[in-house]
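User: Please take a close look at one helix in this model. Tell me which way its residues face and what surrounds them.

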Amino acid sequence: MGIGIFDFSYRTIERFANRYRSLMPRTYHRYGGHLVAVALVSLALLVRFEIAPLDAGLQYLTFFPAVALAAIIGGFASGIIATLLGLILATYLFVPPYYSFTLEGWQSSLWSNLVFLMDGFIVSVSIEAMHLYRQKYEDNLDELTQQITRRDLADKALAEQEEFFRLMAENVEDFIAVLDLQGRRLYNSPSYSRFFGNADAMKGTDSFAEIHPDDRERVKQVFSESVKLGVGLRTEYRFVLPDGSIRDMESSGGLIRNSKGETVRVVVVSHDVTDRKMVEQKINRLAFYDSLTQLPNRRLLDDRLEQAIAASKRSGQYGAVMFLDLDNFKPLNDNYGHRAGDLLLIEVAKRITSCVREVDTVARFGGDEFVVVLSELAGNESESAAEARTIAKKIHAALAEPYWLSSNFKGTTQLITHNNVGASIGVVLFNHGDSAENILKRADKSMYQAKAAGRNQIHFHVT
Ligand SMILES: Nc1nc2c(ncn2[C@@H]2O[C@H](COP(=O)(O)OP(=O)(O)OP(=O)(O)O)[C@@H](O)[C@H]2O)c(=O)[nH]1
């Protein structure tokens with residue numbers, strides 16, 4: 001309480017002192033305090049002279065408040081000036097019988113002068129110490145206030161960021177997950193509920209569990225590589241939903257690091273690309289597959305043939321191209337309609353495909369023409385030719401089987417049986433890295449020779 005009142009008085013006086021200083025030009029700040037010291041001591045002198053009895057020895061009630069005020073306003077030097085001035089005035093001008101400077105007077109008042117001087121000094125030093133202490137305290141307080149303000153601002157910015165992130169995560173269509181370094185889920189955005197029910201219930205579960213088994217190991221590898229390298233990586237995979245349906249996903253990772261720069265969390269942002277994949281597949285099919293038979297078209301055939309030629313060049317194994325044109329196909333169209341012809345072409349495509357291996361290619365070249373590319377035949381010509389001939393014969397046999405086709409010719413729908421579909425087949429072997437164009441030309445020529453030889457024949461190109 002006592003300290004409180006003192007502190008309040010001190011601060012009030014200091015406030016006035018600051019006000020006083022602010023009114024003075026800057027160059028007079030140092031002397032302003034001294035001026036106040038002189039003024040205060042003069043005031044004390046006046047008070048003492050006018051009201052206090054001269055011999056009452058009440059200098060402490062007049063001069064020391066003046067010294068204290070001078071020290072508060074002007075600092076230590078002003079306090080000392082007030083002390084010295086007070087000492088001279090109190091001792092030599094007003095205390096009888098020492099109204100003048102005499103040796104006797106000086107000696108008699110030595111002790112009281114020294115005590116007065118010491119008191120003034122102690123008052124001035126105490127107030128100066130308080131000045132310094134307060135200054136330091138205020139500086140610390142300033143620093144503390146600034147720190148708190150900075151922390152408040154940082155906290156506010158963080159809270160705003162978190163709110164922004166939360167709003168973003170909870171309102172985007174994308175899937176946002178925060179995982180620990182083992183791939184366990186720490187957070188899943190509400191969008192996950194669309195796939196797996198309650199997103200909150202996913203907390204702590206294995207994030208790889210719902211990935212298609214065929215993709216799981218690859219995704220795990222990408223995840224650990226991303227953590228190891230310290231960079232987020234993109235990957236594609238499939239989710240298997242609880243109802244067994246499959247969604248194509250595309251994900252990219254981001255890493256959260258601690259203050260030491262170590263990775264502590266992985267943020268994965270994924271989006272459902274199922275629809276895009278379907279459109280891509282559709283476009284791809286339209287660009288590279290025949291819409292009627294679903295076989296590769298000429299464009300894809302060229303590509304597959306180039307690959308087969310390159311592989312043959314590397315391995316030294318022969319490959320073969322068969323050019324196949326159906327015999328007497330036109331009458332089927334004419335007699336039973338285009339639809340019946342279409343159905344036959346679809347069935348022919350299936351039967352040819354069933355005669356070859358996975359590595360081989362069956363393409364629809366156009367109309368009733370098909371091309372078969374056989375890869376990885378034998379290492380010598382005769383053996384390869386024998387293999388190709390076996391496959392060509394197999395195709396002949398498969399095509400010769402009866403067909404049951406539905407026809408709606410001239411407004412009536414009927415089921416027809418079509419027998420003995422023949423095909424003229426021209427065969428070319430390759431292994432020297434000849435161009436795809438030349439190989440196809442030769443195969444086409446051989447097919448015409450097979451036709452010329454009476455149809456339903458196999459003709460090998462002879463070099
Ligand atoms: N139904 C159907 N017919 C087609 C299609 N593309 C071509 N054609 C027909 O297939 C026939 C092919 O003509 P050709 O090969 O000369 O007829 P072909 O009777 O087999 O004659 P050869 O080959 O000499 O035995 C034409 O009548 C075309 O209109 C198709 O996509 N669907």
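Analyst: Asp214, Glu217, Gln221, Lys228 and Leu229 are the exposed residues on one side of α8. This is a predicted model, so read each position as part of a prediction. The other side of α8 looks inward. There, Val219, Phe223, Ser226 and Val227 are buried. Why do these count as one side of α8? They cover an arc of only 95 degrees around the axis, so they share the same side of α8.

What lies over the buried residues? The cover for the buried residues of α8 includes three strands: β3 (234-240), β4 (246-257) and β5 (263-272).

Now the length. Helix α8 runs through residues 213-229, which is 17 residues. At 1.5 Å a residue, α8 should span 24 Å. Its end C-alpha atoms are 25 Å apart, so the span agrees with the expected one. Just after α8 comes glycine 230, with a positive phi of about 80 degrees.

For context, here is a helix pair elsewhere in the chain. Helix α12 (residues 338-354) and helix α13 (residues 381-400) have axes that come within 9 Å. These axes cross at roughly 145 degrees, and the crossing of α12 and α13 is right-handed. From α12, the residues Val348, Arg351, Ile352 and Ser354 take part; they meet Ile395, Ala398 and Leu399 of α13. By type, the residues of this contact between α12 and α13 are five nonpolar, one polar and one charged.

Methods:
Residues numbered from 1 in each chain as written. Predicted model: local features only at pLDDT ≥ 70, side-chain atom pairs only at ≥ 80, totals over all residues. Helix = DSSP H or I, 4+ residues; strand = E, 2+ residues; numbered from the N terminus. Expected span 1.5 Å × (residues − 1). Buried ≥ 20, exposed ≤ 12 C-beta atoms within 10 Å, placed from the backbone. Arc of directions from axis to C-beta. Contact = placed C-beta atoms within 7 Å. Axes fitted to C-alpha atoms, helices over the stretch in contact; angles between N-to-C directions. Left-handed = near helix turned anticlockwise from the far one by under 90°. Nonpolar A, V, L, I, M, F, W, Y, C, P; charged D, E, K, R; others polar.
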